[in-house]
Structures are given as C-alpha cells and as structure tokens.
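Me: I have a model open and would like to go through some of its local features with you. Shall we take them one at a time?

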Amino acid sequence: KVEPVKVETSKVEPVKVETSKVEPVKVETSKVEPVKLDVPVDLTLYNERFQKHYDELKWLYCELYQDRDDVMTYLHDLTSNMEAFYNSRNSALKASDKKREADPDWYKRNDLVGMMMYVNNFAHTLKGLEEHLDYVEECNVNYLHLMPLLASPKGKSDGGYAVADFRTVQPELGTMEDFSELTSKCHERGINICLDFVMNHTSEEHEWAKRARAGEKEYQDRYFFFDTYDVPALYEKTCPQVFPTTAPGNFTWLDDLHKHVMTTFYPYQWDLNYRNPVVFNEMVYNMLYLANQGVDIVRLDAVPYIWKQLGTNCRNLPQVQHNRTYDAYDLRDRVPGSPSSRRGCLWLLKKLFHISVHLKSRNAISCITLLLWQAPGTQLQPKMYLCFADSWIFWDLFQKNTSSRIICVATMILAGDWIMIS
C-alpha cells in the first residue's frame, strides 16, 4: 500500500495590477447636413421644350452673330443660363406656364381688360398697391400694366426709362421682394402683371456705363464709343433725331473721357451695342430675372432702335425683325408662308421664351382695353380704345391720336406668357 505523496504548496495571492481609469476618447465631429440636390421634377419638360426649339434658336443666334468665330461659346453661355433661370422659377409660375402651354389661345379671348398706372401716383408704394387690389378687381381688371418702376436716377430718369439697375426697384416704391409679393397676390386674383423692359439703352448711372466711363474696354464695347466725330458724323447723315428740340443729335461728347457716345434719346441714356453678344445675353438674363419675379408680360421698349448700321436710318433693321412693317405691329400672320420674317433679335427672344419661362411667340392683338396715357402738363385728354385681334383698322387711328407725348400701348401678346412691343 502506497501512501499518497503530500506536496506542500504555499498559497499564492493573485497579482494586482494597478491601472489608471481611462476615459473613452470622444471625437468631436461637426454635424454634416445631407446634400440637397435641386433637381426640378419637371426638368424633362424643359428638355422637351429645349429639344423642340433649339435648332431654330441656334440658327437665329448664329445668323445674328455670323461674323464671330466664338459665336458657339456665347450660345452655350446663353443656353446654360436659360436652364439655370428655369430651375430657379418657382412652382406656381411653372404651373402657370404649363396651363398656358396647354391653352395656346388664352390670349385671343375677349376676357382681358387692362389698366396702366404709375405705382407712386396710384398707391405711393408697391405695398400700397397690394392693399388696393380689391379696387382693381372690382374694376374687372385682369391685366395690370405698371409703368417703369426699376431704379433710375432722379432728375435723369426719363419717366423711368433710363434704367440704372434692371434688378432693383426704385427705393421710394419698395424692394424687389415687395414686387415679387405683389405679383404673387395678383396671380391669386387672376391678374396678369405687365412691366416695361428698356432694351435700347441704359442710364449713364448703370454699372456698365460707370465702368465704361472709368476706361474699362470690355464695358465700353457694350456701348458705342468714338474718339473722333468722323463716324458719328456719318451716322447723323442718315439717322433721324428722336427729340430734335429737347435733345438734338444722336451723340453726346463726354469731356471727362474725351470720347463721343451714342445717345439716340437723351444724353444720359447710352445706346447699347447689340452687335456684342455679351449685351444680348446679359439683357436676356435681366429679362428672365424679372419673369421669375412674377412678370407675366414684358413690353419691349424702343425695339426699332436696337440695331445700328452705318448708311441706314437705324430703325427696324432686319437684325431686329426682318420685313417688319410697323413699329407697333408684327404682321407676319398677314403674310402666310413667309419664313424670311422669322429672323432677327425679336424672333430670337421669342424662341428663348418658348423654352425658359414659356413666353411664347405668336403675336396678336388681344381683345384688351388700350389706355392712352396723358403726359403731365399737356392739354391732351386720356383716351381709351378697345382693339380686337383681327381689327387692324385701328392703326390709322393710333397714328392720328398719338404723339411723343402719349404712350400708345398696343399689346403684342405671345402664346403662353407674352411680350408687348411698341
């Protein structure tokens, strides 16, 4: 019998390792907002319009600027910005575009009644006009033509037609936000808003003019500058004067710059050079900006004068609109099958409006009340006429009853939204 061996062992205490308490590391991160991509739900609609009209748009643009090797660069800039303005157009305006596109004859019906006014004389401010919309509606007015209200220098404003900033409202009337709010309220009541757009010139206080006056060649090229009177003298041989008594001649000498600048209207209104595609593009952007503020109707001011060419009277040249018969009417519907009339700046503008803001391009006189405005200080009384789409006989009446002291509003409404040309 073997006794089990007893092994003596000492009791081993567990080893205690002293450790300091380690706090978990906190990593500070900034909150990252998810990226929001502004993709309009109806971009497909825009692309459909673009594809439908682009070929003609390209043809018109390239014909107008056919002497420039870089014409496609400017056309690309134009179309890129057109899409950008479309994307920034609010949903209510896009809905209106679609509605009018589906009802191309909306402007031909006899349910449009117009009123034109200077905001300051009617209600002092844009907010004041908004407060008086009940009265406008009671008058059954659904077309409100607001006389020039964009920023213009006091004392040299030509009634607001010497624009110093196409994207700013005259401070005494309010702000562009006030104007946008007004158009929205008008649309809720079924009232269309018309605004003048001065194409031919800017005020000498416009940023372009200031930079041109400072000697920047890029901005001088947006106007007509001449070091000597040789070329202006050639223009004066064939170009009529607009105001031979109050503003004789078509050029103004700038003593500080030692140059002559073309001023068809008043010395403080510098004519824009539409031979420069930058001018055309930038003015289109200004117009689209106003359309996105809720302007339904754009009255293009002084259209016949916008293209200048030596040896001509610089009025209604083919580059403005080919085969244009009258200043206030586009009679191409009276000349069926005449594609030669579909040319020039106006046709180009209309193609743009087909795409971006759906200011479409079929001209007609709607059944609309035409108001002839009595200029301050004249003996003439305001008159009111009703003009129908097919009643062209009114042209002689307008010629007999209008002068440089009266603004005759002949609506050239486009299918969709519209333009009015005088």
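Me: Between which two elements does the loop with Cys314 lie?
Reply: Happy to help, and please keep in mind that this is a predicted model. Cys314 has a phi near 55 degrees, which is a positive value in a residue other than glycine. The loop that holds Cys314 lies between β11 (297-301) and α12 (345-355).

Me: Is Cys314 buried or exposed?
Reply: Buried means under 20% relative accessible area. Cys314 has a relative accessibility of 1%, so Cys314 counts as buried.

Me: And Asn140, is that residue buried or exposed?
Reply: Asn140 also comes with a positive phi, about 60 degrees, although it is not a glycine. Its place is the loop between α6 (133-138) and β2 (143-146). The cut-off for exposed is over 50%. With a relative accessible area of 59%, Asn140 is therefore exposed.

Me: Let's turn to pockets. Which elements give two or more residues to the lining of the second largest pocket?
Reply: That pocket holds about 580 Å³ of space. Its lining has 24 residues, and the closest to the centre are Ser96, Arg100, His187, Gly190 and Asn192. The elements that give two or more residues to this lining are α3 (91-102) and α7 (176-188).

Me: How many residues of each class are in the lining of the second largest pocket?
Reply: Here the lining is sorted into nonpolar, polar and charged residues, with Gly counted as polar. The tally is five nonpolar, twelve polar and seven charged.

Me: Which residues does Thr183 touch, leaving out those up to four places away in sequence?
Reply: Thr183 lies in helix α7, and at 2% relative accessibility it counts as buried. Thr183 is also 8.9 Å from Glu130, C-alpha to C-alpha, although the two are 53 residues apart in sequence. The residues that Thr183 touches are Ile193, Gln293 and Gly294.

Me: Now for the aromatic rings. Why does the pair of Phe85 and Tyr285 count as stacked?
Reply: The structure holds 19 aromatic pairs. In this one the ring centres are 6.1 Å apart. Planes under 30 degrees apart count as stacked, and the planes of Phe85 and Tyr285 meet at 25 degrees, so the pair is stacked.

Me: Which helices hold Phe85 and Tyr285?
Reply: Phe85 counts as buried at 12% relative accessibility, and Tyr285 is buried with a relative accessible area of 7%. Their pair ties together parts that are 200 residues apart in sequence, because Phe85 lies in α2 (residues 71-87) and Tyr285 in α11 (residues 277-292).

Me: What is the angle between the planes of Phe166 and Phe197?
Reply: Phe166 and Phe197 are both buried. Their aromatic pair is tilted, with 5.2 Å centre to centre and 40 degrees between the planes.

Me: Which strands does that pair link?
Reply: The two residues are 31 residues apart, in distant parts of the chain. Phe166 is in β4 (residues 165-169), and Phe197 is in β5 (residues 192-198).

Me: Which residues do ring pairs link into a cluster?
Reply: The cluster includes Phe243 and Phe265. Complete, it is Phe243, Phe265, Tyr266, Tyr268 and Tyr305.

Me: One last item: over the face of which residue does Arg222 lie?
Reply: There are charges over rings here, including the charged end of Lys94, which sits over the ring of Tyr86 at 4.4 Å from its centre. Arg222 is 4.7 Å from the ring centre of its partner, and that partner is Trp208.

Methods: Residues numbered from 1 in each chain as written. Predicted model: local features only at pLDDT ≥ 70, side-chain atom pairs only at ≥ 80, totals over all residues. Heavy atoms only, no water. Helix = DSSP H or I, 4+ residues; strand = E, 2+ residues; numbered from the N terminus. Buried < 20%, exposed > 50% of the residue type's maximum accessible area, 1.4 Å probe, protein only. 1 Å grid on protein atoms, 1.4 Å probe; cavity = no way out; pocket = protein on both sides within 12 Å on 5 of 7 lines; lining within 4 Å. Points joined across faces, edges and corners; volume = space filled by probe spheres on them. Contact = heavy atoms within 4.5 Å. Phe/Tyr/Trp six-rings, centres within 6.5 Å; stacked < 30°, edge-to-face > 60°. Lys NZ or Arg CZ within 6 Å of the ring centre and 35° of its normal.
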